[in-house]
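Colleague: Got a minute to walk me through the sheet in this one? I'd like the strand layout before I head back to the bench.

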Amino acid sequence: MTRAVEAELPLWPPVNLARGPFALLDESERDRYVGPVTRVRLPTGDTAWLVTRHADVRQLLRHPGFSSDLTRPGFPLLRPLPPQAPEDVKGSFIRMDGAEHARLRRMLTAEFMIKNVRRIEPLIRQTVDQSLTDLAAAGPPADLVSTFALPLPSMVICHLLGVPYADHDFFQSRSRALLDQQTSPEVLRTAVQELRDYVRALIGAKRAHPDGSEDLLSRLIAERVEPGELDVDELVGMALLLLIAGHETTANMIGLSVLLLTRHPGQFTLLRDEPDRAAGVVEELLRYLSIVRTGLFRAATEDAEIGGQLIRAGEGAIVLISLANRDAAVFDGGDDFDPYRQAHQHVAFGFGVHQCIGQPLARAELRVALVELARRFPDLRVTAAPQELRTRDNSIVFGLDALPVTW
């Protein structure tokens, strides 16, 4: 028998810093959020179905009857969105379905295959080494977020795309506005337009003055835009998607991972002494932290039964991957972090055709960054109490604004 209880759904259960930023739910919240597919009321007044169990999440995310297109009837929104011009949605394939999604995604798939990420691992290591040198020069004490966690993935994605790293403050400030659920529609619209104008100008300069560069934008211009397979607005959208996702997610994962690992020095030391275990530790970090805490949003395009509950065409669904990744039916003691756990069934990168295309790069950056940080700063420790940390509770991507450390 399914539940059909309507409740007011906040953006996300507020983080209780007295418990630390890793305790997702207290007992009353657990009763409200976890369990069979449940109808909830959104801040906009609309309703949607909430999906939290691991099996139900995977079932929905691989079901062809659920759309990522936010213009679909019933698509769940947590805030009003500004009017969109046609070019605003071009190229952003995470908001597309079917053949158009597949066409654009295929153009990037090879770039992020594991073998290609291994090829650029020397670049990642070189960038990590430079970032750690900068961290050492900045302190102690130092802010790990601004001196290491954020610059590292920003430098890597800028290098891969061919975006000048000197402009990182510009696109980071705009991308954070896009991810902040409290950003007004007017500010959101301005941030989108400024980012698109920036990338369009960069693409225009590369087209006007090709120099044989091997960065991704230059190659897509030569191999896709000039032959007519891809138009400029599509490339702008693709580049923005990679630029924003490529630094915000990994940066927040690094900061939270260090906070978690340094709370248990033995776990931090494990990365230094047994670096071969790092890949497994990274999977457990991805599962346990699950930084996309607002969930993944879908609209049903046909009637579908998920977890025993009928979801009708035109109704919205919200998939909370952070709770699915702690489902006790799949992860024994899922609310505990276990660096020896086999956590490969997690859905931190999503599942199905829309799962994160850049996950091999994110894994490599996390693995190299955490191992080298533990090696060069074995006595690293956080100097702030949990309740003193500023967390990004209103962002689509959960994280820390700063992480004061010493060594």
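**Strands and their partners**

Modeller: Sure, start with Arg-41, which stands opposite Thr-47 in E2. This is a predicted model, where local features need pLDDT of at least 70, side-chain atom pairs count only at pLDDT 80 or more, and totals for chains, interfaces and linings use all residues. Residues are numbered from 1 along each chain as its sequence is written, and side-chain values use heavy atoms, with hydrogens and water left out.

Colleague: How many bridges join E1 to E2, and which way do they run?

Modeller: Four bridges, and the two run antiparallel; E2 is residues 47-51. Strands here are DSSP runs of E, at least two residues, and helices are runs of H or I, at least four, numbered from the N terminus.

Colleague: What's the order of the strands in the sheet?

Modeller: E1-E2-E8-E5-E3, an open sheet with mixed pairing. Two strands pair if DSSP finds at least two bridges between them. The edge strands, E1 (38-41) and E3 (66-67), each pair on one side only.

Colleague: And E8, parallel or antiparallel to E2?

Modeller: Parallel, over four bridges, with Leu-50 opposite Ile-318. E5 pairs with E8 in the antiparallel sense, also over four bridges, and there Phe-297 has Ile-318 as its bridge partner.

Colleague: Are the faces of E8 buried or exposed?

Modeller: Both faces are covered: Gly-316 and Ile-318 on one side, Ala-317 and Val-319 on the other, are all buried. Buried means under 20% relative accessible area (1.4 Å probe, protein chains only).

How values were computed
Buried means under 20% relative accessible area, exposed over 50%, partly exposed in between (1.4 Å probe, protein chains only).
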